[in-house]
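Visitor: I'd like to hear how each label on this model is earned. Can we go through them together?

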Number of protein chains: 2
Amino acid sequence: MAQSPATIVQVAERASVAVSTVSRVLNGGSASLAVQARVRRAVSELGYQPSLAARNLKLGRSGIIGLAGATTQAPWFTVLLGGMESKLAEHRTSLAIASLERRGRFDGSAVEAWIQSRRVDSIAFVRPGENERALTRLADRYKIAVAYVLPEYEARRGLIIRADNEGGGRQAAAHLLALGHRRIAFFGGPEASVDTQNRLLGLRTRLAEAGLELPAHRTWFAPNYELGSGIVAADIWLAQRQFREATAVVLGNDAMALGFLRRVQAHSLSVPRDVSVVGFDGVPEGEFSFPSLTTVAQPTHACAEDVAQLLLESRAALLSSLVVRSYDLQLVVRESTSPPPTGSNSGGTGN
Amino acid sequence: MAQSPATIVQVAERASVAVSTVSRVLNGGSASLAVQARVRRAVSELGYQPSLAARNLKLGRSGIIGLAGATTQAPWFTVLLGGMESKLAEHRTSLAIASLERRGRFDGSAVEAWIQSRRVDSIAFVRPGENERALTRLADRYKIAVAYVLPEYEARRGLIIRADNEGGGRQAAAHLLALGHRRIAFFGGPEASVDTQNRLLGLRTRLAEAGLELPAHRTWFAPNYELGSGIVAADIWLAQRQFREATAVVLGNDAMALGFLRRVQAHSLSVPRDVSVVGFDGVPEGEFSFPSLTTVAQPTHACAEDVAQLLLESRAALLSSLVVRSYDLQLVVRESTSPPPTGSNSGGTGN
DNA sequence: CTAGTTTTTGGAAACGTTTCTAACCTTGGC
DNA sequence: GCCAAGGTTAGAAACGTTTCCAAAAACTAG
């Protein structure tokens, strides 16, 4: 039908009314009932929808919220994407995606050009990691409201979405204790990672409450959070006596846990019969692995909606002040954990 | 520094030059060297980047390519997203995401409002499935260039990205034949699905070339492509003699294959020792499953770049004509396939 | 019926670009 | 030294909105 989309001018003509009147009617201003009816009829006859681009240009904003992460394919990222999209769709706001990396490397100037040319109103950085400082400078330069989703450090203003990793560690420990495990090993992500440290802290705290320890000789830190680190962890667990004594292992994240699973099974051991395995994150892959993975899941979906909402409604406030939101992690019990092998469940202190 | 982003007017003032001149210089028009230098200096001093919104408004387009799928979290979708994003970033074009579903149901009018208010220049529908006709009507109404990524049917104009599922079926068959399998079972997706039919056709064709058959009593069709269908498939394989004779099974897609894997292993059988398993799609989960999954992967990344490129460069052509691109699938051999159990590898004809 | 008050409406400016047209400045040939 | 031709630059209009301000219309009250 409509060759090119109808404009407000056409609506005005058809309703025999001034352009400004159409705008007023559509934005809830006052108008006589007769005019309102005429305008609305013209609108529906023409199938008119205001051009957001023109509207936002006039209003001095872009109506765009940016979402940027190191990779657009990480599970975290896509969940956030879905959650924010559904929230934003109701608010005439669009979501623009940017990858922080070009050809595998962080590219600050590409991000800067992107922010500037789109004039994004707000932006959410997903797991900014080591780039956080550079990104903060960028956001400051352009006075953009910004949300950091699971940052490692802490910015001075903006919205910080953090996960209660310590609580998550406690939950993992509680679960394993309830199953009867007494000796637990921890194969963390990078030692410098705040997340890993907090998870370990939670584990230790909860174990201590049960009179148990998680000694340093049963903790190990990987160079990264990749699947390969889980493979190495498995080799260590298989080969080293002080680790092998553990009847349950907690891995730095799900990717590592999946690697661990594979390697251990390749050695003809069974999970959870020979060893119980717990991961962190709650990635979808964990549901389909064999055995499916017990994990401490991040509350990503809830975060997504809150990020969208706050970035929309508290934009002004976020420009100057700091808002920190912490979310509880949630234990998801699946098949990779069970009571320890009978016999190894001695009443020892675990040292 | 810059409170609000610099505009072309400020650049013009700083360079003591008219606004139109700045625009000309920046867009490669002719200008004296002295002026060029002055303008460029002003641009870099102010950190000026043109506002894409204003630019596109004037140019009568939006500079936005839409990407819409039933769910924004499907593996297919995210790969496409990443691929298109990196391609588009070089072309001053942004990608806008929309979900075709609101609260789990297809919502045509939401999609229409979205298309219209954003004035998207082109749009890519990912696996439109049963909504394809409605979406085609929409695209026609607004005269938008449109790409259908893996459609079930075929539109009259636009870009059709299809995968050579028949060839994929042939590859799967060839692989299993090479390993020594003679009796193969097929657990497809919905019988009405074109993809499933083509995959089956490819399997049959290749087997026929080897003098073998894939008889109807060793094929089964699921109601959908979900994991649960794979579970049911496994139960059928386990229970029914004519299926159980097969030393290798081909599933409708990876999700089903993963379900099959889990169920069979839950019955204390080993993959691939007791049965070889092949999936379709190449989802990331298949890499981390145990055993990792042999699959016939979709060439998603290549598609993504082509979709972006064609939607950008051949926009006009796509408005009236039909372009069909077919992509080869690629066999990815992992752990879930091996030679059949010795003894069952008789020289029979497979009937 | 008039004057005052309120409500409704239309006109114009503005947002930040690009492009068209016309004016200006150089240059070179005579 | 003049004129034409060429290249370079400035000015204005346009894209589709919203909003401000003033004009017009509709009431209200005296």
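Guide: Let's start with two strands of chain B: three bridges join β8 (residues 184–188) of chain B to β9(B), and the two run parallel. Before we go on, this is a predicted model, where local features need pLDDT of at least 70 and side-chain atom pairs count only at pLDDT 80 or more, while totals for chains, interfaces and linings use all residues. Residues are numbered from 1 along each chain as its sequence is written, and chains are lettered from A and ligands numbered from 1 in the order in which they are written.

Visitor: What makes β8(B) and β9(B) a pair?

Guide: Two strands pair if DSSP finds at least two bridges between them. Here there are three bridges, so β8(B) and β9(B) qualify. Phe186(B), for example, stands opposite Thr219(B) in β9(B). The strand names themselves come from DSSP runs, numbered from the N terminus: E of at least two residues for a strand, H or I of at least four for a helix.

Visitor: Why is the sheet of six strands in chain B called open?

Guide: Its order is β9-β8-β10-β11-β12-β14 of chain B, with mixed pairing. The edges are β9 (219–221) and β14 (330–332) of chain B, and each pairs on one side only. Direction ignored, neighbouring strands are turned by 20° against each other on average.

Visitor: Which helix packs on the sheet and touches β8 and β9 of chain B?

Guide: That's α9 (residues 194–209) of chain B, which also touches β10 (248–251) and β11 (276–281) of chain B. Its direction makes about 170° with that of β8(B). Angles run from 0 to 180 degrees between N-to-C directions, with axes fitted as lines to C-alpha atoms, for helices over the stretch in contact. Helix α12 (residues 254–266) of chain B lies across β8, β10, β11 and β12 (294–297) of chain B, at about 155° to β11(B).

Visitor: How do you know how many residues of chain A and chain B take part in their contact?

Guide: Two residues are in contact if their C-beta atoms, placed from the backbone, lie within 7 Å. By that rule the contact takes 43 residues from chain A and 43 residues from chain B. On the chain A side, α5(A) gives the most, with six residues. That side divides into 20 nonpolar, 16 polar and seven charged residues. Nonpolar here covers Ala, Val, Leu, Ile, Met, Phe, Trp, Tyr, Cys and Pro; charged means Asp, Glu, Lys and Arg; the others, Gly among them, are polar.

Visitor: Why are the two copies described as related by a two-fold rotation axis?

Guide: A rotation of 180° with 0.0 Å of shift along its axis superposes chain A on chain B, with an RMSD of 0.1 Å. The copies are thus related as by a two-fold rotation axis. The same surface serves both: 98% of the contact residues of chain A recur in chain B. The fit is by least squares on C-alpha atoms of residues with pLDDT of at least 70 in both copies.

Visitor: What makes a residue count as being near DNA strand D?

Guide: Its C-beta atom, placed from the backbone, has to lie within 6 Å of the strand. Of the 28 residues around DNA strand D, Ile8(A), Ser20(A), Ser23(A), Ala18(B) and Ser20(B) come nearest. By class, that surface has 14 nonpolar, 10 polar and four charged residues. DNA strand C is surrounded by 28 residues, and the closest are Ser20(A), Ser30(A), Ile8(B), Ser20(B) and Ser23(B).

Visitor: Why does Pro5(B) count as partly exposed?

Guide: Buried takes 20 or more other C-beta atoms within 10 Å of a residue's own, exposed takes 12 or fewer, and partly exposed is in between, with C-beta atoms placed from the backbone. Pro5(B) has 19, so it counts as partly exposed. Pro5(B) sits in the segment before α1 of chain B, and, not counting residues up to four places away in sequence, it touches Gln116(A), Arg119(A) and Tyr142(A).

Visitor: What makes Leu150(A) buried?

Guide: Leu150(A) has 22 C-beta neighbours inside 10 Å, so it counts as buried. Leu150(A) is in the loop between β6 (145–149) and β7 (158–164) of chain A, and has a positive phi of about 55° although it is not a glycine. Most residues other than glycine have a negative phi, and most peptide bonds are trans.

Visitor: Where is there a cis peptide bond in chain B?

Guide: One joins Val271(B) and Pro272(B), with omega about 10°. Pro272(B) lies in the loop between α12 and β11 of chain B. In chain A, the bond from Val271(A) to Pro272(A) is cis, with omega near 10°.
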